[in-house]
Amino acid sequence: MRIDFSRYIKKVRQEIIKDASFCVRVVLWVAVIAAAHRAVLGRFLYSLCPMVLATGYPCPACGMTRAGVLMLTGHFADAWKLQPFIYALGVFMLAAAVWRYLFLKSSVNWMKWYLIVMMSLMIAFYIYRMARYFPDTPPMTYYQYNLIYRLRCLIRAIVF
């Protein structure tokens, strides 16, 4: 079976250019939102996580962003301690890139199953961490001044 490498390289280049333009738009929106949060909401809100803000309890992915930053800065053991699923996410991203750009396939059936298994394991790990480390060990800490707490205080002040 003879492979026409020039046609293959041209197809890969087209896919990369198309995906890169999409990624640039996404990164710009994320940068705008992050800047707005930092400038305005960062002064008033404890976290970006909606679950923490609403309930005060950490979510199953709690620590993922900090673990990613630690991993990217070379602190691999600390990233593992904070959120070990950052490595499963990295494997997923690498496999998806190989699948898309090396094999030139856009089928995502295996990706759905990988994510379902990963999220199920994350929830099981979350239950373990909540039982073992909550509320003393970061990131499994409770944020007292959450939205539910503030609404309860507001209702008490109005009613009583």
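In the predicted model, Phe-103 has a relative accessible area of 47% and is therefore partly exposed. Trp-99 is likewise partly exposed, at a relative accessible area of 24%; the value is not under 20%, so the residue does not count as buried.

Aromatic pairs in the structure number 11. One of them joins Trp-99 and Phe-103, with ring centres 5.9 Å apart and planes at 80°. This pair is edge-to-face, because the angle is over 60 degrees. Through ring pairs, both residues belong to a cluster that also contains Phe-92, Trp-110 and Tyr-114.

Two helix contacts of α5 were examined. Helix α5 spans residues 85-102, and its axis comes within 9 Å of that of helix α1, residues 5-39, at a crossing angle of roughly 130°. The two helices are therefore oblique to each other. On the α1 side the contact involves Tyr-8, Val-12, Glu-15, Ile-16, Lys-18 and Asp-19, while α5 contributes Arg-100, Tyr-101 and Leu-102. By class, five residues of the contact of α1 with α5 are nonpolar and four are charged, with no polar residue present.

The axes of α3 and α5 lie 9 Å apart and make an angle of about 70°. This angle falls in the range 65 to 115, so α3 is roughly perpendicular to α5. Met-64, Ala-67, Gly-68 and Met-71 of α3 meet Phe-85, Ile-86 and Tyr-87 of α5. The contact of α3 with α5 comprises six nonpolar residues and one polar residue, and no charged residues. The polar member is Gly-68, because Gly is counted among the polar residues.

The largest nonpolar core consists of eight residues: Met-64, Ala-67, Ala-79, Leu-82, Phe-85, Ile-86, Met-118 and Met-122. At least two residues of this core come from each of α3 (64-72), α4 (76-82), α5 and α6 (109-133). Another core, of five residues, lies apart from it and includes Val-52, Cys-59, Cys-62 and Tyr-143.

Leu-82, a member of the eight-residue core, has contacts beyond its neighbours within four places in sequence. These are with Cys-62, Gly-63, Arg-66, Ala-67, Leu-70, Arg-129, Pro-138 and Pro-139. Among these partners, Ala-67 belongs to the largest core, whereas Cys-62 is listed in the core of five residues. Ala-67 also takes part in the contact of α3 with α5.

Conventions. Residues are numbered from 1 along each chain as its sequence is written. This is a predicted model: local features need pLDDT of at least 70, side-chain atom pairs count only at pLDDT 80 or more; totals for chains, interfaces and linings use all residues. Side-chain values use heavy atoms; hydrogens and water are left out. Rings of Phe, Tyr and Trp (its six-membered ring) pair if their centres lie within 6.5 Å; planes under 30 degrees apart count as stacked, over 60 as edge-to-face and the rest as tilted. Buried means under 20% relative accessible area, exposed over 50%, partly exposed in between (1.4 Å probe, protein chains only). Axes are lines fitted to C-alpha atoms, for helices over the stretch in contact, and angles run from 0 to 180 degrees between N-to-C directions. Helices (H or I, at least four residues) and strands (E, at least two) are DSSP runs, numbered from the N terminus. Angles under 35 degrees count as roughly parallel, over 145 as roughly antiparallel, 65 to 115 as roughly perpendicular and the rest as oblique. Contact means heavy atoms within 4.5 Å. A nonpolar core is a set of buried Ala, Val, Leu, Ile, Met, Phe, Trp, Tyr and Cys residues joined through side-chain atoms within 4.5 Å.
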